[in-house]
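Trainee: I should like to learn how to read charged pairs, packed helices and single residues in a protein model. May we work through one example together?

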Amino acid sequence: MPPHNDTHFMQQALKEAQLAYDRDEVPVGAVVVIDNRIIARGHNQVELLNDATAHAEIIALTSAFNYLGAKYLPEASLYVTVEPCLMCCGAMYWGKIGRIVYGTADEKNGYRHITGANWPFHPKTELVTGVLQEECAFLMKSFFRARR
């Protein structure tokens with residue numbers, strides 16, 4: 001597998017998002033990858049845990065920190081189906097995540113909406129956007145359409 005197989009790992013994040021969807025959570029999924037291997041997974045669990053901070057990215061990052069016994073992840077890539085919110089960007093910043101890949105924009109709660117597109121990540125972080133964008137957006141739109 002070539003380095004940074006973004007499509008493959010975003011498909012894995014989409015599987016996590018589907019788990020959230022199936023549990024009536026906002027369908028966001030995330031995986032943390034080092035050396036082309038998933039070391040952590042997460043999906044939104046805000047409703048289940050009754051915790052506004054239980055976002056997919058936070059759960060995946062916490063799992064990765066615990067797995068590695070480290071507080072920084074400069075060699076890791078985090079794949080997330082939806083543009084991170086400012087809270088999650090802060091966690092990624094402090095965790096010094098090396099690479100962030102997200103699928104679809106979040107026009108309401110994404111960091112670009114809040115910050116006006118200012119860079120909220122660690123200065124050395126690489127950002128890739130739009131990977132499997134249509135699939136990621138479809139899951140979100142389906143979720144909210146079903147609730148209206």
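Mentor: The discussion below takes up salt bridges, then a pair of helices, then two individual residues. This is a predicted model, in which local features need pLDDT of at least 70 and side-chain atom pairs count only at pLDDT 80 or more, while totals for chains, interfaces and linings use all residues. Residues are numbered from 1 along each chain as its sequence is written, and side-chain values use heavy atoms, with hydrogens and water left out.

Trainee: What is a salt bridge, and how many are counted by this rule?

Mentor: Side chains of opposite charge can pair when their charged atoms come close. The rule asks for a side-chain nitrogen of Lys or Arg within 4 Å of a carboxyl oxygen of Asp or Glu. By this rule, the count is 5 salt bridges. In one of them, D24 pairs with R147, and the closest N and O atoms are 2.7 Å apart. This pair links distant parts of the chain, 123 residues apart: D24 is in the loop between helix 1 (6–22) and strand 1 (29–34), and R147 is in the segment after helix 6 (133–146). Here helices (H or I, at least four residues) and strands (E, at least two) are DSSP runs, numbered from the N terminus.

Trainee: Are D24 and R147 buried or exposed?

Mentor: Buried means under 20% relative accessible area, exposed over 50%, and partly exposed in between (1.4 Å probe, protein chains only). D24 is exposed, because its relative accessible area is 52%, whereas R147, at 40%, is partly exposed.

Trainee: Which residue forms a salt bridge with R112?

Mentor: The partner is E83, with 3.1 Å from N to O. E83 is in the loop between strand 3 (77–82) and helix 4 (86–94), and R112 is in helix 5 (residues 111–115), 29 residues apart. E83 is buried, at 4% relative accessible area, whereas R112 is partly exposed, at 34%.

Trainee: Which residues are linked with R99 in a network of salt bridges?

Mentor: The network joins R99 with D6 and E126. Between R99 and E126, the closest N and O atoms are 3.4 Å apart. R99 lies in strand 4 (residues 99–104) and E126 in strand 5 (residues 126–129).

Trainee: How should I read the packing of helix 1 and helix 6?

Mentor: Two packed helices are described by the angle between their axes and the distance between the axes. Axes are lines fitted to C-alpha atoms, for helices over the stretch in contact, and angles run from 0 to 180 degrees between N-to-C directions. Helix 1 and helix 6 pack at about 5°, with axes 10 Å apart. They are therefore roughly parallel, a term for angles under 35 degrees. Among the residues that meet are M10 and L14 in helix 1, and L139 and F143 in helix 6; contact means heavy atoms within 4.5 Å.

Trainee: Where is E25 found, and what is in contact with E25?

Mentor: E25 is in the loop between helix 1 and strand 1 and counts as buried, at 3% relative accessibility. Leaving aside neighbours within four places in sequence, its contacts include A20, N44 and F143. A polar atom of the E25 side chain lies 3.0 Å from the backbone nitrogen of V46.

Trainee: What does the side chain of H55 reach?

Mentor: The side chain of H55 reaches the backbone oxygen of A52 at 3.2 Å. H55 sits in the loop between helix 2 (46–49) and helix 3 (56–68).

How values were computed: Parallel < 35°, antiparallel > 145°, perpendicular 65-115°, else oblique. Polar contact = N/O pair within 3.5 Å; in protein donor to acceptor, adjacent residues only side chain to side chain.
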